[in-house]
Amino acid sequence: MKQIIIHVDMDAFYASVEMRDNPSLRGKPLIIGSMPNERGVVATCSYEARKYGIHSAMNIKEAYRRCPNGIYMHPNFDKYKAVSEQLHEIWNTYSEASEYVALDEAYLDVTKQAENFDGAREIARIIKRRTLDELGLSCSVGVAYSKTAAKTASEEKKPNGYFEIPDKKAFVDLMIDRDVRSLYTVGVKTAEKLYAAGLHTVRDVQEKQDEVIRLLGKQGHWLTQLAFGIDNRKVEPYLPQNAKSISRELTFQEDVTNEVLLKDILFLLSLCVENRAKRYGLYGKGVTLKITFSDMKRITRSKLVVSCDSAIEIYKEAVQLFELVEKRPIRLIGAGIYNLSTEYEKQLSFDDYLQDTSRTGESELKEQFDKMQCRYGLDFEGHLEQIYRWDTLHKTAEYMRKHS
Ligand code: TTP
Ligand code: MG
């Protein structure tokens with residue numbers, strides 16, 4: 001079936017929102033992420049900052065070396081989330097199905113509404129216009145016959161871009177002499193494998209299909225299809241229960257060995273996970289613990305549980321997993337739930353008849369809050385909103401680390 005797909009992607013999203021709300025930041029190299037004196041990375045940066053070679057996921061120290069005069073800011077996720085919801089309203093007006101890929105990015109199936117590429121061009125124009133007029137933000141839009149081509153098109157003229165790729169031939173003509181990296185889903189590691197085998201361009205992938213499949217297996221098959229512009233995937237509307245997991249993690253400014261502190265942090269992370277799970281009405285049938293040690297070795301431990309969405313349950317399971325982990329200095333710790341479902345599944349034991357009243361673990365929760373108040377002198381229970389926020393959670397954790 002013929003499809004017409006729009007891919008929308010906001011320009012320098014977090015940075016643009018901050019510049020919109022604070023005109024003194026406009027036209028300057030603005031870097032959103034960690035602070036230069038902290039550990040961490042760049043989330044994104046303004047196009048002015050990109051001139052210094054700064055990009056998403058770059059170590060913040062490296063960014064600072066390149067641009068010491070830049071303006072550095074922590075992200076404000078609550079704000080970006082709110083903007084994202086306003087964007088969804090605009091996008092949903094014009095599409096049959098909207099697949100949100102990130103806060104600032106979506107695929108829109110406009111096959112019906114647009115009828116043809118002229119119609120899609122008009123929808124794209126309206127979306128760009130409304131995004132600017134109503135939200136004060138610019139975006140780049142691609143219109144194409146497939147998801148990959150639409151994504152490629154939206155990147156083609158960034159920022160504030162518009163580009164069309166009407167059919168496979170147009171896609172192949174555009175891509176044929178480009179580096180394999182320009183085929184989306186080819187990351188650094190895959191590219192290295194291809195380069196090592198002498199395959200550099202999309203043309204090489206087209207001409208040496210067997211070789212690509214031999215090197216990369218299933219992914220190789222998908223790549224050879226892409227090299228010919230073949231991608232029949234449909235736009236999958238976002239449903240919260242399709243999310244694979246809900247988790248939160250935290251990187252310390254200095255490595256931590258204190259187990260009491262680490263468990264207390266697991267409790268705060270569990271509160272954040274609960275908050276998100278409840279917002280979407282989701283239960284997890286598994287709990288995960290994630291750790292990065294000081295030498296960057298990463299581990300994930302997980303455990304199947306009865307349906308769970310409460311902080312105290314997540315916390316208790318995560319602590320059990322934690323007890324089994326080797327004791328070494330820890331750089332990052334995270335907790336989460338997976339195997340999500342919108343249904344609460346009751347256990348089949350007799351105890352469960354009592355469950356609806358005892359399940360929430362009210363008294364255990366209270367006890368944990370009290371213990372932590374004694375340890376750190378902070379009223380956690382009265383400041384849950386701050387715990388849920390990434391930036392204040394970070395500050396709280398650092399305070400706890402210094403006072404433990
Ligand atoms: P992107 O759309 O990849 O980047 P962007 O919108 O900032 O810039 P561009 O104009 O190139 O599209 O990601 C959207 C947001 O997601 C970005 O503003 C910040 C966040 N993000 C991270 O936090 N870490 C990352 O590594 C990336 C890539 C993005
Ligand atoms: Mg973007």
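Select Ile291 to begin: leaving aside neighbours within four places in sequence, Ile291 is in contact (heavy atoms within 4.5 Å) with Lys297, Arg298, Ile299, Phe322, Val325, Ile330, Leu332 and Ile333. The model on screen is a predicted one, in which local features need pLDDT of at least 70 and side-chain atom pairs count only at pLDDT 80 or more, while totals for chains, interfaces and linings use all residues. Residues are numbered from 1 along each chain as its sequence is written, chains are lettered from A and ligands numbered from 1 in the order in which they are written, and side-chain values use heavy atoms, with hydrogens and water left out.

Next, colour by pLDDT, the predictor's confidence in each residue, from 0 to 100. The protein chain averages 92, and 95% of the residues score at least 70. Over residues 348-359, however, pLDDT stays under 50, and for this stretch the model has nine contacts beyond four places in sequence.

Return to Ile291 and widen the selection to the largest nonpolar core, which has 47 residues and in which Leu266, Phe267, Leu268, Ile291, Ile333 and Ile337 have the most contacts. A nonpolar core is a set of buried Ala, Val, Leu, Ile, Met, Phe, Trp, Tyr and Cys residues joined through side-chain atoms within 4.5 Å, where buried means under 20% relative accessible area (1.4 Å probe, protein chains only). Another core, of 34 residues, lies apart from the largest one, and includes Ile4, Met10, Ala124 and Leu135.

Now select helix H14, residues 311-323 (helices are DSSP runs of H or I, at least four residues, and strands are runs of E, at least two, numbered from the N terminus). H14 reaches 18 Å from its first C-alpha to its last, close to the 18 Å expected at 1.5 Å a residue, the expected span being 1.5 Å times one less than the number of residues. Of its 13 residues, 10 are buried, among them Glu313, Tyr315, Glu317 and Phe322. The buried residues of H14 pack against helices H13 (259-280) and H16 (362-376) and strands E10 (283-293), E11 (298-308) and E12 (330-341).

Two buried polar residues complete the tour. Which strand holds Thr44? Thr44 is found in strand E3, residues 42-45, and is buried at a relative accessible area of 9%; a polar contact of 3.3 Å (N or O atoms within 3.5 Å, one able to donate a hydrogen and the other to accept it; residues adjacent in sequence count only if both atoms are side-chain atoms) joins its side chain to that of Arg50.

Finally, select Gln253 in strand E9, residues 245-256, which is buried with a relative accessible area of 18%. A polar atom of the Gln253 side chain lies 2.8 Å from the backbone nitrogen of Arg39.

How values were computed:
Buried < 20%, exposed > 50% of the residue type's maximum accessible area, 1.4 Å probe, protein only.
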